[in-house]
Amino acid sequence: QVQLVESGGGLVQAGGSLRLSCAASGRSFSSYAMAWFRQAPGKEREFVAVIASIGTSTSYSDSVKGRFTISRDNAKNTVYLQMNSLKPEDTAVYYCNYLRGFSSREPYDYWGQGTQVTVSS
């Protein structure tokens, strides 16, 4: 059974930082690219960042490039998202997921509960 447990969200002022964690289980973690997505109120879920299965490659959406860093620890089955220089427009629920492919950025259907990030101006 696939489980994705996101944590680390909270309320932060603009310019601040947060580090999100996602503990994954149910699949062979080190065999999959992993990604973070986010969904703001009234908007569709959007891609944020992806990391290859062994962590050698990463890619980011233009809106977070240079501010966010994705990383993973395959020994702990955990993926992280370090978020710096946060902006109010980063406010959203953040989710992680396994990907069907690094380039396709296509997630599997199961989603965890997500973690809320709120950035105040």
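This tour moves through a predicted model, from a disulfide to a group of aromatic rings and then to a sheet.

**The disulfide**

Begin by selecting Cys22 and Cys96, which are joined by a disulfide with an S to S distance of 1.7 Å. A search of the whole structure finds one such bond. The pair links distant parts of the chain, 74 residues apart: Cys22 belongs to strand S3 (residues 18-25), and Cys96 belongs to strand S9 (residues 92-98). Are these two cysteines buried or exposed? Both Cys22 and Cys96 are buried.

**The aromatic rings**

The structure holds five aromatic pairs, and two of them are visited here. Select Phe37 and Phe47 next. Their rings meet edge-to-face, with 6.0 Å from centre to centre and 80° between the planes. Phe37 lies in strand S4 (residues 34-39) and Phe47 in strand S5 (residues 46-51), so this pair ties together parts that are ten residues apart in sequence. Phe37 is buried, with a relative accessible area of 5%; Phe47 is also buried, with a value of 15%.

Now select Tyr95 and Trp111. This aromatic pair is likewise edge-to-face, with the centres 5.8 Å apart and 75° between the planes. Tyr95 is in strand S9, whereas Trp111 is in the loop between S9 and strand S10 (115-120), so the contact ties together parts that are 16 residues apart in sequence. Tyr95 is buried, its relative accessible area being 11%.

Display the four residues together: ring pairs link Phe37, Phe47, Tyr95 and Trp111 into a cluster.

**A charge over the rings**

Keep Tyr95 and Trp111 in view and add Arg45. Over which rings does Arg45 lie? Its charged end sits over the ring of Tyr95, 4.3 Å from the ring centre. Arg45 also lies over the face of Trp111, at 3.8 Å from the centre of that ring.

**The four-stranded sheet**

Finally, switch to a cartoon view and select strands S1, S3, S8 and S7. In that order, these four strands form an open sheet with antiparallel pairing. Strand S1 (3-7) and strand S7 (68-73) stand at the edges with a single partner strand each, so one side of each is left without a neighbour in the sheet. From one strand to the next, the twist averages 15°.

To examine one edge, select S1 and S3, which pair in the antiparallel sense over five bridges. Gln3 has Ser25 as its bridge partner in S3. Strand S3 is also the strand that holds Cys22, where the tour began.

Definitions and conventions:
Residues numbered from 1 in each chain as written. Predicted model: local features only at pLDDT ≥ 70, side-chain atom pairs only at ≥ 80, totals over all residues. Heavy atoms only, no water. Disulfide = S-S within 2.5 Å. Helix = DSSP H or I, 4+ residues; strand = E, 2+ residues; numbered from the N terminus. Buried < 20%, exposed > 50% of the residue type's maximum accessible area, 1.4 Å probe, protein only. Phe/Tyr/Trp six-rings, centres within 6.5 Å; stacked < 30°, edge-to-face > 60°. Lys NZ or Arg CZ within 6 Å of the ring centre and 35° of its normal. Pairing = 2+ DSSP bridges. Axes fitted to C-alpha atoms, helices over the stretch in contact; angles between N-to-C directions.
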